[in-house]
Amino acid sequence: MTKTLLILPGDGIGPEVMAEVRKVIDWFNARGQDFEVSEDLVGGCAYDKHGTPLHDDTMARAQEVDAVLLGAVGGPKYDALDFSVKPERGLLRLRKEMDLYANLRPAQCFDALADFSSLKKDVVAGLDIMIIRELTSGVYFGEPRGIINEGNERVGINTQRYTESEIERVARSGFEMARKRSNKLCSMEKANVMESGVLWREVVQKIGDTAYPDVELSHMYADAGAMQLTRWPKQFDVIVTDNLFGDLLSDLAAMLTGSLGMLPSASLGAPMANGRPKALYEPVHGSAPDIAGQGKANPIACILSFAMALRYSFDMGAEADRLEAAINTVLAQGLRTADLIGEEGRAPVSTSEMGDAIVAALDA
Ligand code: NAD
Ligand code: IPM
Ligand code: MN
């Protein structure tokens with residue numbers, strides 16, 4: 001059956017890492033799969049062409065396909081733009097209008113990189129945790145928002161807001177994920193200082209008590225959670241948290257795995273008519289303007305995001321395993337993009353050399 005993919009490479013290193021994903025897709029298509037790929041603009045490049053970071057036609061197309069793959073958006077060229085047309089708004093619109101409320105951000109430490117994390121090897125070796133970030137609400141979208149004049153100064157306003165049903169549906173995603181893994185869920189908020197955190201904790205506890213009594217549920221303040229993630233991350237299995245805390249904690253988790261260039265994500269919504277969830281897959285990292293255009297970007301986060309697409313959109317778990325194993329193989333062989341090289345002074349491979357090596361390892 002045809003599987004439709006909309007690829008949105010975006011800005012900066014987005015197109016560079018996405019070119020390597022295309023090689024992987026070609027490899028699968030050459031072996032009997034039927035991925036039908038279309039490509040479009042998002043972010044700064046869409047603004048340059050259309051005056052908006054996401055054209056309505058692109059938005060409509062995203063709603064129709066089986067899965068969207070996105071590279072990255074943003075860059076210094078667009079920093080001075082009005083907020084309403086910033087590249088990041090294109091991505092936020094996709095997430096909101098597709099209602100992708102559950103953002104899965106797994107942090108897995110590949111064996112070959114256990115030495116490379118900024119933390120001690122025994123702290124990160126074998127690490128495999130899953131952060132589920134609520135993605136369509138909270139302070140990212142709450143009203144009122146804006147910059148207003150008050151007396152003789154300006155005030156910047158954002159509103160943290162969560163409804164019970166928004167908390168409930170992402171909590172359920174957390175519990176379901178816990179059941180598929182080690183049956184342990186930790187929910188993070190700041191119920192000590194925020195009413196939205198009080199409600200978050202109450203709702204998660206209630207869902208746990210009533211629908212998932214078999215899952216071991218704990219609660220942690222998000223600041224303490226950040227500390228515990230660096231102290232002993234292996235105490236966690238699945239973490240569920242809000243939009244902003246999830247953004248911060250997943251960047252932190254990236255460094256447990258060695259590099260932001262290693263962290264994939266899946267943003268999932270409700271099932272479509274065909275039973276597949278609405279889905280967008282993207283690396284956790286951004287457009288990395290400091291290294292864009294130099295062939296230095298690590299394509300692994302983006303390739304791992306495609307592996308998540310195989311797993312969550314196409315029921316191709318065995319193929320996802322195979323792709324992850326190929327990445328493990330090339331890392332074990334010692335191939336490293338520049339972000340994965342510390343003081344040891346070995347020569348880095350380029351973005352495309354890394355992609356080629358992963359495709360070659362798929363054949364092995
Ligand atoms: P960033 O993730 O782009 O970069 C942070 C650091 O990590 C940089 O030093 C960069 O070189 C490095 N890095 C990131 N990805 C890498 C990779 N694949 N390989 C090697 N090194 C990598 O974050 P930033 O610098 O804070 O943001 C830059 C722009 O990207 C901003 O406009 C921001 O809004 C945007 N952004 C977009 C997304 C997204 O599209 N999902 C995510 C985060 C940031
Ligand atoms: C991420 C990014 C985005 C976010 C930006 C680019 C909108 O940091 O995906 O983690 O803050 O969610
Ligand atoms: Mn982020």
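## A guided tour, starting from Phe 175

Select Phe 175 to begin: with 22 other C-beta atoms within 10 Å, Phe 175 is buried (buried means 20 or more other C-beta atoms within 10 Å of a residue's own, exposed means 12 or fewer, and partly exposed lies in between, with C-beta atoms placed from the backbone). Before going on, note that this is a predicted model, where local features need pLDDT of at least 70 and side-chain atom pairs count only at pLDDT 80 or more, while totals for chains, interfaces and linings use all residues. Residues are numbered from 1 along each chain as its sequence is written, and chains are lettered from A and ligands numbered from 1 in the order in which they are written.

**Around Phe 175.** Phe 175 lies in helix α6, residues 164–180 (helices are DSSP runs of H or I with at least four residues, strands are runs of E with at least two, and both are numbered from the N terminus). Now add Leu 185, Ile 207, Gly 208, Tyr 212 and Val 215, which Phe 175 touches when residues up to four places away in sequence are left out. Contact here means that the two C-beta atoms, placed from the backbone, lie within 7 Å. For a longer view, pick Asp 223: its C-alpha atom is 22 Å from that of Phe 175, and the two are 48 residues apart along the chain.

**Strand β8 and its partners.** Select residues 184–189 next. Five of the six residues of this strand, β8, are buried, so the rest of the structure largely encloses it. Then show β9, residues 216–221, which pairs with β8 in the parallel sense over six bridges; strands count as paired if DSSP finds at least two bridges between them. Met 188 has Met 220 in β9 as its bridge partner. From β8 the chain passes through helix α7, residues 195–211, to β9, in a right-handed β-α-β crossover. Right-handed means that, with the strands pointing away from you, the path from the first strand over the helix to the second runs clockwise. Add β10, residues 238–241, which runs parallel to β8 and is joined to it by four bridges. Here Ser 187 stands opposite Val 240.

**A stop on helix α7.** Click Gln 205, which is found in α7. Is Gln 205 buried or partly exposed? With 14 other C-beta atoms within 10 Å, Gln 205 is partly exposed. Its C-alpha atom is separated by 8.7 Å from that of Ser 218, 13 residues apart along the chain.

**The β6–β7 hairpin.** Move to residues 153–159, strand β7, where the count of buried residues among the seven is zero. Strand β6, residues 142–150, runs antiparallel to β7, joined by six bridges. One pair to find is Gly 142 and Thr 159 in β7. Two residues separate the strands of this hairpin, and Gly 151 in the turn has a positive phi of about 60°.

**The ligands.** Show ligand 1: of the 22 residues around it, Gly 74, Gly 261, His 285, Gly 286 and Asn 298 come nearest. A residue counts as near if its C-beta atom, placed from the backbone, lies within 6 Å. Around ligand 2 you will find Gly 74, Glu 88, Leu 91, Leu 92, Asp 247, Val 284 and Gly 286. Helix α4, residues 87–97, gives the largest share of that shell, three residues.

**Zooming out.** The protein chain has twelve helices and twelve strands. Its C-alpha atoms fill a box of roughly 55 × 50 × 45 Å along the principal axes, and buried residues make up 48% of the 364 residues.
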